[in-house]
Amino acid sequence: MVSAGLVPVALLDESTRWRLFATIPVSCSVVEVIRDPEVADNLTVRTSCNARSYSLVVRAGDALAEVRAAHTTDGQALLRSGGVEIISAQPGASLISLQLAAPVDLTKLSVTLHPLQ
(Lines give C-alpha, C1' and ligand atoms only; values in the text may rest on other atoms or scores of the structure.)
Protein backbone atom coordinates (compact mmCIF):
# COMPACT_ATOMS: atom_id res chain seq x y z
CA MET A 1 0.00 0.00 0.00
CA VAL A 2 1.30 3.41 -0.93
CA SER A 3 0.18 6.47 0.95
CA ALA A 4 0.45 9.93 -0.52
CA GLY A 5 -0.87 13.39 0.03
CA LEU A 6 -0.98 16.92 -1.18
CA VAL A 7 -0.61 19.82 1.20
CA PRO A 8 -1.47 23.34 0.03
CA VAL A 9 1.05 26.01 0.91
CA ALA A 10 -0.23 29.61 1.00
CA LEU A 11 2.20 32.24 -0.21
CA LEU A 12 2.33 35.99 0.41
CA ASP A 13 1.39 36.77 -3.18
CA GLU A 14 -1.90 34.86 -2.67
CA SER A 15 -0.90 32.06 -5.04
CA THR A 16 -1.05 28.42 -3.97
CA ARG A 17 1.63 25.80 -4.41
CA TRP A 18 1.34 22.16 -3.51
CA ARG A 19 3.81 19.89 -1.72
CA LEU A 20 3.59 16.24 -2.63
CA PHE A 21 4.70 13.50 -0.27
CA ALA A 22 4.52 9.73 -0.54
CA THR A 23 5.38 6.70 1.56
CA ILE A 24 6.43 3.57 -0.31
CA PRO A 25 6.49 0.31 1.66
CA VAL A 26 9.64 -1.81 1.77
CA SER A 27 9.47 -4.84 -0.48
CA CYS A 28 12.19 -7.51 -0.63
CA SER A 29 12.08 -10.89 -2.34
CA VAL A 30 14.31 -13.72 -3.48
CA VAL A 31 13.74 -14.03 -7.22
CA GLU A 32 15.95 -17.06 -7.92
CA VAL A 33 18.62 -19.25 -6.31
CA ILE A 34 21.18 -20.73 -8.70
CA ARG A 35 23.65 -23.45 -7.74
CA ASP A 36 26.93 -23.63 -9.66
CA PRO A 37 26.98 -27.17 -11.15
CA GLU A 38 30.78 -27.20 -11.03
CA VAL A 39 31.17 -26.05 -7.40
CA ALA A 40 28.53 -27.47 -5.02
CA ASP A 41 29.19 -24.97 -2.22
CA ASN A 42 28.63 -21.86 -4.41
CA LEU A 43 25.22 -20.21 -4.79
CA THR A 44 24.05 -17.14 -6.67
CA VAL A 45 20.95 -15.41 -5.34
CA ARG A 46 18.97 -13.01 -7.51
CA THR A 47 17.10 -10.52 -5.32
CA SER A 48 14.79 -7.57 -5.65
CA CYS A 49 14.70 -5.14 -2.73
CA ASN A 50 13.99 -1.44 -2.29
CA ALA A 51 15.53 -1.22 1.20
CA ARG A 52 18.88 0.56 1.60
CA SER A 53 20.19 -2.40 3.58
CA TYR A 54 18.94 -5.89 4.24
CA SER A 55 20.03 -9.20 5.69
CA LEU A 56 20.22 -12.36 3.59
CA VAL A 57 19.95 -15.62 5.57
CA VAL A 58 20.66 -19.10 4.18
CA ARG A 59 19.26 -22.10 6.02
CA ALA A 60 19.80 -25.79 5.37
CA GLY A 61 16.80 -27.42 7.02
CA ASP A 62 16.66 -26.24 10.64
CA ALA A 63 20.26 -24.99 10.76
CA LEU A 64 21.94 -21.87 9.43
CA ALA A 65 24.27 -22.49 6.51
CA GLU A 66 27.67 -20.92 7.18
CA VAL A 67 28.65 -18.36 4.53
CA ARG A 68 32.41 -18.01 4.02
CA ALA A 69 32.37 -15.26 1.39
CA ALA A 70 29.79 -13.02 -0.27
CA HIS A 71 29.86 -10.54 -3.16
CA THR A 72 27.11 -8.43 -4.71
CA THR A 73 26.72 -6.62 -8.01
CA ASP A 74 25.16 -3.66 -6.18
CA GLY A 75 26.92 -2.22 -3.15
CA GLN A 76 28.58 -4.12 -0.30
CA ALA A 77 28.14 -7.62 1.14
CA LEU A 78 29.27 -7.93 4.76
CA LEU A 79 29.43 -11.23 6.61
CA ARG A 80 27.50 -11.13 9.89
CA SER A 81 26.73 -13.92 12.33
CA GLY A 82 23.60 -15.56 11.04
CA GLY A 83 23.77 -14.12 7.54
CA VAL A 84 25.05 -11.53 5.09
CA GLU A 85 24.25 -7.83 5.34
CA ILE A 86 23.73 -6.18 1.97
CA ILE A 87 24.16 -2.40 1.71
CA SER A 88 22.74 -1.37 -1.66
CA ALA A 89 24.06 1.42 -3.84
CA GLN A 90 20.52 1.77 -5.21
CA PRO A 91 17.24 -0.11 -4.73
CA GLY A 92 16.22 -2.82 -7.17
CA ALA A 93 17.60 -6.06 -8.55
CA SER A 94 20.90 -7.52 -7.42
CA LEU A 95 22.96 -10.70 -7.84
CA ILE A 96 24.63 -12.00 -4.69
CA SER A 97 27.33 -14.68 -4.97
CA LEU A 98 27.81 -16.86 -1.89
CA GLN A 99 30.51 -19.33 -0.98
CA LEU A 100 29.20 -21.70 1.68
CA ALA A 101 31.34 -23.61 4.19
CA ALA A 102 29.80 -26.86 2.88
CA PRO A 103 27.39 -27.89 0.13
CA VAL A 104 23.71 -27.92 1.13
CA ASP A 105 20.86 -30.14 0.02
CA LEU A 106 18.76 -28.02 -2.37
CA THR A 107 15.57 -29.71 -1.18
CA LYS A 108 16.21 -28.31 2.33
CA LEU A 109 17.58 -24.92 1.21
CA SER A 110 15.87 -21.71 2.36
CA VAL A 111 17.04 -18.18 1.50
CA THR A 112 15.26 -15.23 3.12
CA LEU A 113 15.67 -11.44 3.09
CA HIS A 114 15.02 -9.16 6.05
CA PRO A 115 15.00 -5.36 5.52
CA LEU A 116 17.21 -3.49 8.03
CA GLN A 117 16.01 0.06 7.24
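**Close-up views of a predicted all-strand model**

Of the 117 residues of the protein, 26% count as buried. The model is predicted.

**View 1. The fold is built from strands.** The protein has 11 strands and 0 helices. Along the sequence, the pattern reads β-β-β-β-β-β-β-β-β-β-β. Consider contacts between residues at least 6 apart in sequence: 57% of them join residues at least 24 apart.

**View 2. Confidence varies between the strands.** Mean pLDDT for the protein is 86. A value of 70 or more is reached by 85% of the residues. Strand β1 (residues 3–10) has the lowest mean among the elements, at 56. Strand β7 (residues 67–72) has the highest, at 96.

**View 3. The largest nonpolar core draws on several strands.** This core has 19 residues. Leu56, Val58, Val84 and Leu98 have the most contacts inside it. Two or more residues come from each of β4 (42–49), β5 (53–60), β7, β9 (83–87), β10 (92–100) and β11 (109–115). Strand β7 is also the element with the highest mean pLDDT.

**View 4. Val58 and its contacts.** Val58 is one of the residues with the most contacts inside the largest nonpolar core. Which residues does Val58 touch, leaving out those up to four places away in sequence? They are Leu64, Ala65, Leu98, Leu109, Ser110 and Val111. Leu98 is itself among the residues with the most contacts in that core.

**View 5. The accessible surface.** The accessible surface of the protein comes to about 7600 Å². Carbon and sulfur atoms account for 53% of that area.

Note on methods:
Residues are numbered from 1 along each chain as its sequence is written. This is a predicted model: local features need pLDDT of at least 70, side-chain atom pairs count only at pLDDT 80 or more; totals for chains, interfaces and linings use all residues. Side-chain values use heavy atoms; hydrogens and water are left out. Helices (H or I, at least four residues) and strands (E, at least two) are DSSP runs, numbered from the N terminus. Buried means under 20% relative accessible area, exposed over 50%, partly exposed in between (1.4 Å probe, protein chains only). Contact means heavy atoms within 4.5 Å. Accessible areas come from the Shrake-Rupley method with a 1.4 Å probe; for residues, only the protein chains shown count as cover. pLDDT is the predictor's confidence in each residue, from 0 to 100. A nonpolar core is a set of buried Ala, Val, Leu, Ile, Met, Phe, Trp, Tyr and Cys residues joined through side-chain atoms within 4.5 Å.
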